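Q: Please take a close look at a single part of this model, a helix and what lies around it. A connected account in formal terms would be welcome.

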Amino acid sequence: MTMIKETYPVKAGDMTAAGDVSARIKRQMKQLGIPASVVRRVSVGTYEAEINLVIHSEGGRIDFSISPEKITIRVVDQGPGIPDLKKAMTEGWSTATNEVRNMGFGAGMGLPNMKRNADEFTIESTVGVGTDITMSFNI
Amino acid sequence: MQVSEFVKLAGGRVLTGEYEDREIACGYTCDLLSHVMGKGQADMAWITVQAHMNVIAVAALLDFACVIIPENLPVDETIIAKAAQEDIIMISCEQTAFELVNVLHEGGVPSAKKG
């Protein structure tokens, strides 16, 4: 049984708004009384995904759903897709621009942070199509 | 250590105005936001030279006790307004990050957990 299912669009390139979707999802989790340790893990995973959408993608969306057992975050973008997933999952590897690095991003920790915080993590990517990430977190 | 104690000892300026005092559970200094996302803990005092909107997002998501900006580095009014809106205590100090770590350490604040 799914209690909540929401979809939030994320715009490419809008660094000022980056984090707004994660903040909304965090507020919803707190209102529902989800344990703080779970809220924290979901927040880290969602924020990293949101930043990636803003920095690297051509725009996308974050789907947020809660069932009594788990929280699922699905992140789907409209491209450009990741040519080498193995490299992208390596801590320290990043294709971020200097401008983004100067803001403290592009440390190559986004995807590893997502994987580390989620109980289940899957990523599929096709160049020219886009990237599809699902993270689930046991409550 | 309470945030108010730190402000007093460091001679800091609370940019976000009036605040509800809270306990600082641990401290951390780092300017890589992804690194902070990975290591950050609730009630942490975070010292960083980064002063943009995403710093507030990270501090709010992880429920940090305060964000401390060293060396009186400039912070835009829009950032301060966002911090106040998110109930993030933002403190500006004249000292370097190194000196501010010492203030926290002398006050008995441990480092954020390693690993």
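**A helix and its surroundings**

A: In this predicted model, helix 1 of chain B is followed by G11(B), a residue whose phi is positive, near 65°. The helix itself spans residues 3-10 of chain B, and its buried residues are V3(B), F6(B) and A10(B). These residues cover an arc of only 60° around the axis, and therefore they lie on the same side of helix 1 of chain B. As to their partners, the buried residues of this helix pack against strand 3 (44-47), strand 4 (66-69) and helix 5 (97-106) of chain B.

Chain A offers a further case of a helix against strands. There, 5 strands form an open sheet in the order 1-2-3-5-4, with antiparallel pairing. Strand 1 (4-10) and strand 4 (120-126) of chain A stand at the edges; each has a single partner strand, so one side of each is left without a neighbour in the sheet. On average, and with direction ignored, neighbouring strands of this sheet are turned by 10° against each other. Within the sheet, strand 2 (residues 60-66) and strand 3 (residues 70-77) of chain A pair in the antiparallel sense over 7 bridges. In this pairing, R61(A) stands opposite V76(A) of strand 3 of chain A. Helix 2 (residues 36-56) of chain A packs on the sheet, where it touches strand 1, strand 2, strand 3 and strand 5 (130-138) of chain A. The direction of helix 2 of chain A makes about 5° with that of strand 3 of chain A.

Note on methods:
Residues are numbered from 1 along each chain as its sequence is written. Chains are lettered from A and ligands numbered from 1 in the order in which they are written. This is a predicted model: local features need pLDDT of at least 70, side-chain atom pairs count only at pLDDT 80 or more; totals for chains, interfaces and linings use all residues. Two strands pair if DSSP finds at least two bridges between them. Helices (H or I, at least four residues) and strands (E, at least two) are DSSP runs, numbered from the N terminus. Axes are lines fitted to C-alpha atoms, for helices over the stretch in contact, and angles run from 0 to 180 degrees between N-to-C directions. Two residues are in contact if their C-beta atoms, placed from the backbone, lie within 7 Å. A residue is buried if 20 or more other C-beta atoms lie within 10 Å of its own, exposed if 12 or fewer, and partly exposed in between; C-beta atoms are placed from the backbone. The arc is that of the directions from the helix axis to the C-beta atoms.
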